[in-house]
Amino acid sequence: MTAVDVILEGRELRKEFDVAAGKLHAVDGVTFQIQRGRTLGVVGESGCGKSTLGQLLLGLTGVSGGRILFKGEDVTHAKGVRRRALRREMQMIFQDPMSSLDPRLCAMELIAEPLQIYKVCPSRAALEERVRGLMELVGISERMMYAYPHELDGGRRQRIGIARALALEPDFIVCDEPVSALDVSIQAQVLNLLKQLQRDRGLTYLFITHDLSVVKHISDDILVMYMGQMVEKAPSKTLFRAPMHPYTKGLLSAIPIPSLHGRRDRIIMEGEITSPVNPKPGCRFAARCPYAQERCRREQPDLRELEPGHFVGCHYAPELSGGG
């Protein structure tokens with residue numbers, strides 16, 4: 001993999017928040033790369049740090065440690081003019097379109113807003129033509145141009161959010177659970193739209209979700225997070241075929257099988273969830289892991305590349321993977 005192939009890289013990223021009880025480790029030592037034109041899915045249960053990681057990459061919240069490289073440039077602490085320029089190249093699609101869109105603006109105004117802020121269009125006519133093109137691109141009828149968010153269904157609202165993200169022709173987009181608030185049939189439409197836009201425009205995505213069926217459909221590689229840390233990262237097909245970390249195995253065992261006769265051996269993850277505030281030494285999943293031993297409670301496992309492109313943070317992953 002050459003430096004040109006890697007559009008974005010995170011190195012030992014950390015984000016800590018001061019709370020009454022001490023330091024909350026929202027993101028703790030996460031390292032990854034995303035190749036141009038590919039999708040990195042980020043999965044994990046609520047509170048694992050997925051959305052915080054996306055916000056760090058876009059500069060929406062400051063890092064506590066580590067580095068962010070975009071197209072080979074260190075943009076970790078980019079400010080002012082440089083940060084403004086990065087906004088054109090790095091965008092975000094939010095989870096809930098109803099709360100992320102200004103209810104006082106119609107579809108035309110919502111999509112035109114970033115174009116006006118960056119003075120992209122030289123005239124009103126050019127602006128309207130650009131907005132019409134973006135609406136057509138994301139599948140919104142021109143008759144909806146002056147409709148307000150409350151007059152539209154969830155799918156159309158999310159398409160407006162996608163059009164806003166595309167308006168400045170970015171290279172990288174963080175998709176923060178963009179379909180979780182939508183009906184299943186609409187989810188499929190939006191996911192197919194995102195994949196088509198990626199093919200046509202060479203877009204690179206960080207796709208955050210808790211839905212494993214969705215992440216399998218759209219991702220090239222998958223990063224699994226638990227309590228702020230990356231516990232496994234692998235190509236999508238590899239992860240679903242041969243997961244190595246006990247937490248990943250538990251997540252995958254919970255995916256429903258759409259068959260009356262199909263069944264899956266469920267792995268029930270019992271035990272107390274470790275607090276991310278002032279975490280103790282050792283593996284953070286140890287309290288819920290059926291394979292945990294004394295070493296797990298004492299030593300934090302290193303992230304190791306056990307197979308090409310397959311990274312796992314578990315002391316006993318090689319032995320466990322041998323047994324399936």
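Biologist: I've got the model open and want to start with the enclosed spaces. How many cavities of 30 Å³ or more turn up in a search of the whole structure?

Modeller: The search finds 3 of them. Keep in mind that this is a predicted model. The largest cavity holds about 60 Å³ of space, and the second largest about 40 Å³.

Biologist: Which residues line the largest cavity?

Modeller: Go through the walls residue by residue. You'll meet His245, Pro246, Cys283, Phe285, Ala286, Cys289, Ala292, Cys296, Cys314 and His315. Sorted by class, that lining has 8 nonpolar residues, 2 polar ones and no charged ones.

Biologist: And how does the lining of the second largest cavity divide by class?

Modeller: There you get 6 nonpolar, no polar and 2 charged residues. The wall is made of Pro246, Lys249, Ile267, Met269, Phe285, Arg288, Pro290 and Tyr291. Pro246 and Phe285 appear in the lining of the largest cavity and in that of the second largest.

Biologist: Phe285 keeps coming up. What kind of aromatic pair does Phe285 form with Tyr226?

Modeller: For a ring pair, look at the distance between centres and then at the angle between planes; over 60 degrees counts as edge-to-face. Tyr226 and Phe285 sit 5.2 Å apart, centre to centre, with 80 degrees between the planes, which makes the pair edge-to-face. The full count for the model is 3 aromatic pairs.

Biologist: Why does the pair of Tyr226 and Phe285 tie together parts that are apart in sequence?

Modeller: Because Tyr226 belongs to strand 9 while Phe285 is in the loop between helix 10 and helix 11 (294–298), the pair links parts 59 residues apart in sequence. Pro276 is another residue of the loop between helix 10 and helix 11. Skip its neighbours within four places in sequence, and Pro276 is in contact with Lys23, Leu24, His25 and Met227. As for Thr52, Pro276 is 224 residues away in sequence and 14 Å away in space, C-alpha to C-alpha.

Biologist: Now the sheets. What's the general idea?

Modeller: Strands of a sheet pair through backbone hydrogen bonds, and the pairing is either parallel or antiparallel. Here, one open sheet has 8 strands in the order 6-7-8-3-9-10-12-11, with mixed pairing. Strand 6 (90–93) and strand 11 (304–307) are at the edges with a single partner strand each, so each has one side without a neighbour in the sheet. On average, neighbouring strands of this sheet are turned by 25 degrees against each other, direction ignored.

Biologist: How many bridges join strand 11 to strand 12?

Modeller: You'll find 3 bridges there, and strand 11 runs antiparallel to strand 12 (residues 310–312). For a spot to click on, Arg304 is opposite Val312 in strand 12.

Biologist: Which strands does helix 7 lie across?

Modeller: Helix 7 (residues 184–201) lies across strand 3 (39–43), strand 6 and strand 8 (204–208), at about 155 degrees to strand 8. Helix 10 (residues 246–253) lies across strand 9 (221–226) and strand 10 (229–235), at about 105 degrees to strand 9.

Biologist: What is the strand order in the 4-stranded sheet?

Modeller: That open sheet is ordered 2-1-4-5 and its pairing is antiparallel. Strand 2 and strand 5 (73–74) are the edges, each with a single partner strand, so one side of each has no neighbour in the sheet. Between strand 1 (residues 6–19) and strand 2 there are 11 bridges, and Gly10 is opposite Phe32 in strand 2.

Biologist: Last topic, the open pockets. Which element gives the most to the lining of the largest pocket?

Modeller: Strand 2 does, with 7 residues. The largest pocket holds about 550 Å³. It has 25 lining residues, and the closest to its centre are Gly29, Val30, Thr31, Met230 and Leu303. Strand 2 (22–35), strand 9 and strand 10 are the elements giving two or more residues. By class, the lining has 11 nonpolar, 8 polar and 6 charged residues.

Biologist: And how much space lies in the second largest pocket?

Modeller: About 450 Å³. Of its 19 lining residues, Gln91, Met92, Phe94, Arg164 and Ala165 are the closest to the centre. Strand 6, helix 4 (107–117) and helix 6 (154–166) each give two or more residues to that lining. The class split is 12 nonpolar, 4 polar and 3 charged.

Methods
Residues are numbered from 1 along each chain as its sequence is written. This is a predicted model: local features need pLDDT of at least 70, side-chain atom pairs count only at pLDDT 80 or more; totals for chains, interfaces and linings use all residues. Side-chain values use heavy atoms; hydrogens and water are left out. Two strands pair if DSSP finds at least two bridges between them. Axes are lines fitted to C-alpha atoms, for helices over the stretch in contact, and angles run from 0 to 180 degrees between N-to-C directions. Contact means heavy atoms within 4.5 Å. On a 1 Å grid over the protein atoms alone, a cavity is a set of points where a 1.4 Å probe fits but cannot get out, and a pocket is an open set with protein on both sides within 12 Å along at least five of seven lines; lining residues have an atom within 4 Å of a point. Grid points are joined across faces, edges and corners, and a volume is the space filled by probe spheres set on the points. Ala, Val, Leu, Ile, Met, Phe, Trp, Tyr, Cys and Pro count as nonpolar, Asp, Glu, Lys and Arg as charged, and the others, Gly among them, as polar. Rings of Phe, Tyr and Trp (its six-membered ring) pair if their centres lie within 6.5 Å; planes under 30 degrees apart count as stacked, over 60 as edge-to-face and the rest as tilted.
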